[in-house]
Amino acid sequence: MATNLELFADYFQIHILGEDSDADFSDVWTEQTVLDGLGVTEGGLAIGTDVNFTVAVAVHLLTDQPSDDSDDFDHVVEASLNLPSGRLVVLGCTDDFDAAARFDMPIGWTRIRASRRDLAAAALPDLDCEDEPEDTEEIRLQAWPAPYSEPHITKRWTRPDAEPLS
């Protein structure tokens, strides 16, 4: 069962935090983390988006690691997040923290998989069909209890108009 949210991805990102987190994302974005679409800091994760407007987010709370269905998505990343409070908070980076969606999880380490799709249509929309559902970037967040492990980029998408890294 999923909880569906519409979040404003201001500054091309959404945030996933523990409820008691005071995560600071001010230095998390580098050329590499932008390419990865993932910024990791103590107490929080920043998921990069290819748009600076509303994204569709589906949050799935799981008991075990899900199977790999990355073929159904454009970009897939994973990272660990410690939840000492047992509460996961999902929000746009400029949203009101107190009004953000909250989810109960077991206390301790949680693995988050962010799978993104419809990136080409969202990042380079057909101007004659602006604001159509098919132009909306979709993000599926899967969360399950798991010991800490390093961030991992399972599948990488690069914007067709992106400049190559030097």
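When I say that two residues touch, I mean that they have heavy atoms within 4.5 Å of each other. With that settled, a caution: what you see is a predicted model.

I will start with V40. This residue lies in strand β3. Leaving aside residues up to four places away in sequence, V40 touches V28, L45, A79 and P151. One of these, L45, is also the bridge partner of V40 in β4. Is V40 buried, partly exposed or exposed? Its relative accessibility is 39%, so V40 counts as partly exposed; the buried class ends at 20% and the exposed class begins over 50%. I can add one distance: the C-alpha atoms of V40 and I16 are 9.9 Å apart, with their positions 24 residues apart along the chain.

Now the pairing around V40. Strands β3 and β4, the latter covering residues 44–48, run antiparallel and are joined by 4 bridges. They form a hairpin with 2 residues between the strands, and in that hairpin G43 has a positive phi near 90 degrees.

Which sheet do these strands belong to? The order is β3-β4-β2-β7-β8, an open sheet of 5 strands with antiparallel pairing. The edges are β3, residues 38–41, and β8, residues 101–104; each has a single partner strand, so one side of each is left without a neighbour in the sheet. On average, neighbouring strands here are turned by 20 degrees against each other, direction ignored. At the β8 end, β7, residues 87–92, pairs with β8 in the antiparallel sense through 4 bridges. Within that pair, R87 has D104 of β8 as its bridge partner.

Next, β6, which spans residues 75–83. How many of its residues are buried? The count is 8 of 9, so the strand is mostly covered. β6 pairs with two strands that I want to mention. With β9, residues 108–117, the pairing is antiparallel over 9 bridges, and N82 stands opposite W109 there. With β11, residues 152–155, there are 3 bridges, again antiparallel, and V77 has I153 as its bridge partner.

Just ahead of β6 there is a loop that follows β5, residues 54–61, and S70 sits in this loop. S70 has 10% relative accessibility and therefore counts as buried. Apart from residues up to four places away in sequence, S70 touches V76, T154 and K155.

That leaves the nonpolar interior. As a general point, nonpolar side chains in soluble globular proteins tend to be buried together. In this model the largest nonpolar core has 26 residues, and those touching the most other members are I14, I16, V55, V57, L88, V90 and L141. Two or more residues come from each of β1 (2–8), β2 (13–18), β4, β5, β6, β7, β9 and β10 (138–145). Which element gives the most to this core? The answer is β6, with 4 residues.

V55 is worth a closer look. Again without residues up to four places away in sequence, its contacts are L5, E6, L7, A9, I14, T49, T136, E137 and I139. There is also a second, separate core of 7 residues, including F25, V28, L91 and A100. V28 has come up before, as one of the residues that V40 touches.

To close, back to the start: V40 is a partly exposed residue in β3, and β3 is an edge strand of the open sheet.

Methods
Residues numbered from 1 in each chain as written. Predicted model: local features only at pLDDT ≥ 70, side-chain atom pairs only at ≥ 80, totals over all residues. Heavy atoms only, no water. Pairing = 2+ DSSP bridges. Axes fitted to C-alpha atoms, helices over the stretch in contact; angles between N-to-C directions. Buried < 20%, exposed > 50% of the residue type's maximum accessible area, 1.4 Å probe, protein only. Core = buried A, V, L, I, M, F, W, Y, C linked by side-chain atoms within 4.5 Å.
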